[in-house]
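Me: I'm new to this one and would like to get a feel for it. Could you walk me through it?

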Amino acid sequence: PRFSSYAHAELARALRAARIPDELLRDSGFISAKDGGSSATDIARDLSGRPLTASFLSRILHDAVQVEAYSAPESSAVRYLQSTAVRLELHYAGDQSMVDALLMPRSVFFKRSVMRELGHAAGKASLAPQKLLRDVMSHEVEAAFLASSACSIASSVARVPIPFAYRVEHSIDREVPFNSCFATFLQDFSPLQGWHQLGELPAAPMAAALAALAKMHAFFWACDVEEQEHRYLSAAALTELKNSVWSHATYWSLDRQPLKQLEELDSNWRATRNRFERELRAAPVPRNVSAGSLYDASERIGERLANLAHNLDAQVHGTKPGSSFRTLIHGDPKAANLFFRDSSVGLREFEYEDEVGMIDFQWSGFGLCAVDVVYVIASSCAIEGLDLEGEKERGMLRDYHRVLVQALVEFGVAESADHAESVVAPLDSLFELYRVCFLDFARIVFAYHWPRIEASPEVLASRRGMLGSNTYNKSTPHAVWFVQRTVAYLEGYASS
């Protein structure tokens, strides 16, 4: 029963707070967190449910150095709808100089997704089994991508900011997806190494994030074209990559959404619009929009997006290998999936020029590079970096394009900067793709993201401190900006 599951969760939380499981797990090498708080003992388990052991961690890291003990601080734990994760802090036995000489990690990021233990998955198993299968496949994609040689080479040779996977485990049941489970042990973007996360991205972190995406996009440019030659990846590595990731990335393409989504889009938006009526009436409208207020200008957004949905979906998610601007994209590059580090911090495990790290590759696959650019700007940019007419967006696109051009030349995709700018990735074409990709993404915001949380100014204010929440889901100024730019791009799309 629903009440019993909540009661069990509360009991487990109380036991962890009292450190009762900590004492029971001593023989496995588990120790209490150094910060004095409780431990995420519910997460620090293998796929069968048994506690992780220090000896197991030794084997997956380096047999020459023994992990004597580990902790799993609750303060580092995250419990999302589709997964749980915790930082495993490691303590080594013996000579610490050997530990330093071998560059042994001081922590490992452990991500665990056991469908039967996730309430969100249980709901989907009964109400939306096709979405549960989609989610299971996304975990399968992430596991395969992180274990691929292409991922390893991109990280080590091309310095694309993807964490190294020490070990990837999974048990996949396509007949009964609810039985599936996944575990990954990843190189950690640890605070001990100066890494941190941001709820939204001011100018400098946003520029760094766009530069990191540009390098990733350039490295994997046209990698799904048959018999494509790559400066760093062998034919076998390219084949493995194509078999590892989605043929088209992201979770919001129409084939991965319920059929009724478009039917309900107009009514869902009208309900959301009414909850924001005061804010929308007070907001200015873009120059290319003829209306007395944003409230009036936005009345038919749902209807218009629904009517355009199939055309936009074909343009964004229906591209074929060899299409312009098609590459491997992250698919979900929001602030919650990005880590940052000041350049003044000494490097140990990571040596990325941009000081940006990426996680969560469940929706990675082939698609238009502009999809990632739209997503990171629309979901994560600080309000100071946005404006009514889109001038600041275009500035960020120029910054992204500048790094993209440099990387396309560096990785051998383009013969020169002129070739990259005029033939491979013209800036004017990127501007146009950005508008199309923005409108395609707007559909999922208006149809799902806002209705799911019953968005209102009060709801968004209550979510303000949520790190994992997109900006338009926790800030009314961001939500109003998103409506403004959607109206503007709809007008521009119609006139073109």
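Me: How much surface does the protein chain expose, and what share do carbon and sulfur atoms supply?
Reply: Keep in mind that this is a predicted model, where local features need pLDDT of at least 70, side-chain atom pairs count only at pLDDT 80 or more, and totals for chains, interfaces and linings use all residues. Residues are numbered from 1 along each chain as its sequence is written, and side-chain values use heavy atoms, with hydrogens and water left out. Areas come from the Shrake-Rupley method with a 1.4 Å probe, and for residues only the protein chains shown count as cover. The chain exposes about 20700 Å², and the share from carbon and sulfur is 52%.

Me: How confident is the predictor on average?
Reply: The score is pLDDT, the predictor's confidence in each residue, from 0 to 100. In the protein chain, 93% of residues reach 70 or more, and the mean is 90.

Me: Over residues 345-353 the pLDDT is below 50, so how many contacts does this stretch have beyond near neighbours in sequence?
Reply: A contact means heavy atoms within 4.5 Å. Residues 1-6 also stay under 50, and the model gives them 0 contacts beyond four places in sequence. For residues 345-353, the number is 30.

Me: What is the radius of gyration of the protein chain?
Reply: It is taken over C-alpha atoms, and the globule rule is 2.2 Å times the number of residues to the power 0.38. For 496 residues that rule gives 23 Å, and the chain comes close to it, so it is as compact as a globular protein of that length. The radius of gyration is 23 Å.

Me: Is Leu 368 buried or exposed?
Reply: Buried means under 20% relative accessible area, exposed over 50%, and partly exposed in between (1.4 Å probe, protein chains only). Leu 368 sits in strand 11 (residues 365-368), and beyond four places in sequence its contacts include Phe 325, Ile 329 and Leu 433. Its relative accessibility is 2%, so Leu 368 counts as buried.

Me: And where is Glu 299?
Reply: Glu 299 is partly exposed, with a relative accessible area of 36%. Beyond four places in sequence, Glu 299 touches Asp 266, Trp 269, Arg 270 and Arg 273. Helices (H or I, at least four residues) and strands (E, at least two) are DSSP runs, numbered from the N terminus. Glu 299 lies in the loop between helix 12 (294-297) and helix 13 (301-317).
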